[in-house]
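Here are some short exercises to work through with the structure open beside you. Try each task yourself before reading its solution.

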Amino acid sequence: MIRWTDLLIPTLREAPGDAEIVSHKLLLRAGLIRKLSGGVYTFLPMGLRALRKVENIIREEMNRAGGIEILMPALQPAEIWQQSGRYTLASEVLFHVHDRTKREWVLGPTHEEVITTLAANEINSYRQLPKNFYQIQVKFRDEIRPRFGLMRAKEFVMKDAYSFDVSDEAAQESYRKMYDAYTRIFKRCGLKAFPVEADTGVIGGKFSHEFMVPAETGENEVAYCEGGGYAANTEKATSRGPAKPTPTESTGSAPEKFATPGVVTIEALQRQPYGVGAHRQIKTLVYLAESKLIIVLMRGDDQLNEAKFAGKIGTNQFRPATPEEIFAALGAHPGSLGAVGVTGITVYADETLRGAKGMATGANEDGFHLRHVEIDRDITVTSWFDLRTVKAGEICETTGEPLKIQRAIEVGHVFKLGTKYSESMGSSFLDADGVRKPTVMGCYGIGVTRTMQAAIEQFNDVNGIIWPASIAPFHVHLMPINVAHAESVTVATELGAKLEAAGIEVLYDDRDERPGVKFKDSDLIGLPLRVSVGERSLAKGEVEIKVRSTGHVIMSPVATAADQICELLKGLTASP
């Protein structure tokens, strides 16, 4: 039993103005964290207790799945990032530091390079495999715009794990074990999380799944079917195509230039006197990828999915070309661009444009467009790719059901890496026949701090946090309503001792505050049960038990209150 006055729980009536989402506001108002600088936070006692609960669940399930816990350095030599090829690919998020000899180091945003170096030095035979190493450690990422508290921070706690196997088949089994372990972890944390197919991003690899917590404030969007047969991040999701099909009937005419003064948007070309529907327009985007100009063609009513685009061109080092760069290459400015007759420049086109006829596009002359464009006849397409972002209502390729879109928070990610890192960093083994082969890897991350905040984002009401019992800082908020009333203090103290003996974690509110202040703080910090001991209830031989998640109030006899509290907590812990 820990007394409130022995801790630091600085609750606030109002959240600081820079707190944008409900979970960030509640983290601050409930005294769980305090901001040191943008994206950098101090964990106060209550926040740290919740964080450790999440860590313990993760550790137990990782051990259960065969994980081996280690601890790797956060300070990493830049050379290993250069060796893997990610020094440039991940440059935007890397913190670079130099020691007194001017040697460059990287503060670890993740540890693929470190663990693969370790495996390259320590694993030499198939007899040592499989292995799955994990750690729970602080990570550093130079986020351009830290926001939403712990959701997107410069410094955060992550569980990262890395598996090494002798074959793709064996690696698939390691992947399955981690997938199942993650399902158990988030269930035990009380979160309603679900897996979705995901883009591998800068980590690379063959395929991956993200574990998502539905939340309207989430930074990710998930496409899914109501029946549960399909779910994917919109960076990965596909469909049977737009609800309105692309025109494929020829007008029989050659491209015809027509004047469009001041028309530089899809919307403007739709309006009269032009009346060209967005689905009949070819949108021309120009990017610079590693100093190479690339034209991307999309339907006018579609949005380029940059994650898909990065996967197709093999790098995330790209940016929109400037108007000056575009004019030098095409002779026109954005809004009048097209690919008809263009040569010497790579042209990627979205699959929805395949076979398109009777289309309109820019004429590469400011103030003019072309009509009657047939993409196969008039444009030289280098490659066709799925580059678009799916929309709600489109038909799922897998289930045939309409897709829905849900915002969500990513709390975990599992990757099947293959030999991407082992080949570049020399992690290999001798098989049973004495043949040297690269290890087949997987990597598996959980945002520990993010998981804690996601629980608050998912479980709260107008009064404050509603902690899942498994990760609550304490199980019971026990308060004598009036600390000057001797009997209330005696009964509360004796009850707290009984609960503590039963393994219940108790926060004993010994503050000399008005009842209203204590009750408001109790709802704000959101422990599963509030137990109030007051003169009125004691006059009837009772104490009051309030279940935070339901608001249900139970008047329990003092003699049996401890047993009733234990039973209530068993039920809350068993129900994620």
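**Exercise 1: Two packed helices**

In this predicted model, helix α2 (residues 45-64) packs against helix α12 (residues 448-458) at an angle of about 115°, and their axes are 9 Å apart.

Task: Describe how α2 and α12 are oriented to each other, and find the residues that make the contact.

Solution: Start with the angle, about 115°. Angles of 65 to 115 degrees count as roughly perpendicular, so α2 and α12 are roughly perpendicular to each other. Next, look at the handedness: α2 passes α12 in a right-handed crossing. Finally, pick out the contact residues. From α2 come Gly47, Ala50, Leu51, Val54, Glu55 and Ile58, while α12 supplies Val448, Thr449, Thr451 and Met452.

**Exercise 2: The largest core**

Task: Which residues of the largest nonpolar core touch the most other members?

Solution: This core has 56 residues, and Leu32 and Trp467 touch the most other members. Helix α2 gives the largest share of the core, seven residues. Now zoom in on leucine 32: beyond its neighbours within four places in sequence, its contacts include Phe43, Met46, Gly47, Ile456 and Trp467.

**Exercise 3: One serine**

Task: Is serine 532 buried or exposed?

Solution: First locate serine 532, in strand β30 (residues 529-533). Its relative accessible area is 2%. Buried means under 20%, so serine 532 is buried. Then check its side chain, which makes a polar contact with the side chain of arginine 530 (3.4 Å). Leaving aside neighbours within four places in sequence, serine 532 also contacts several residues, among them Met479, Phe519 and Glu544.

Definitions and conventions. Residues are numbered from 1 along each chain as its sequence is written. This is a predicted model: local features need pLDDT of at least 70, side-chain atom pairs count only at pLDDT 80 or more; totals for chains, interfaces and linings use all residues. Side-chain values use heavy atoms; hydrogens and water are left out. Helices (H or I, at least four residues) and strands (E, at least two) are DSSP runs, numbered from the N terminus. Buried means under 20% relative accessible area, exposed over 50%, partly exposed in between (1.4 Å probe, protein chains only). A polar contact is a pair of N or O atoms within 3.5 Å; within protein, one must be able to donate a hydrogen and the other to accept it, and residues adjacent in sequence count only if both atoms are side-chain atoms. Contact means heavy atoms within 4.5 Å. A nonpolar core is a set of buried Ala, Val, Leu, Ile, Met, Phe, Trp, Tyr and Cys residues joined through side-chain atoms within 4.5 Å. Axes are lines fitted to C-alpha atoms, for helices over the stretch in contact, and angles run from 0 to 180 degrees between N-to-C directions. Angles under 35 degrees count as roughly parallel, over 145 as roughly antiparallel, 65 to 115 as roughly perpendicular and the rest as oblique. A crossing is left-handed if the near helix is turned anticlockwise from the far one by less than a right angle, and right-handed if clockwise.
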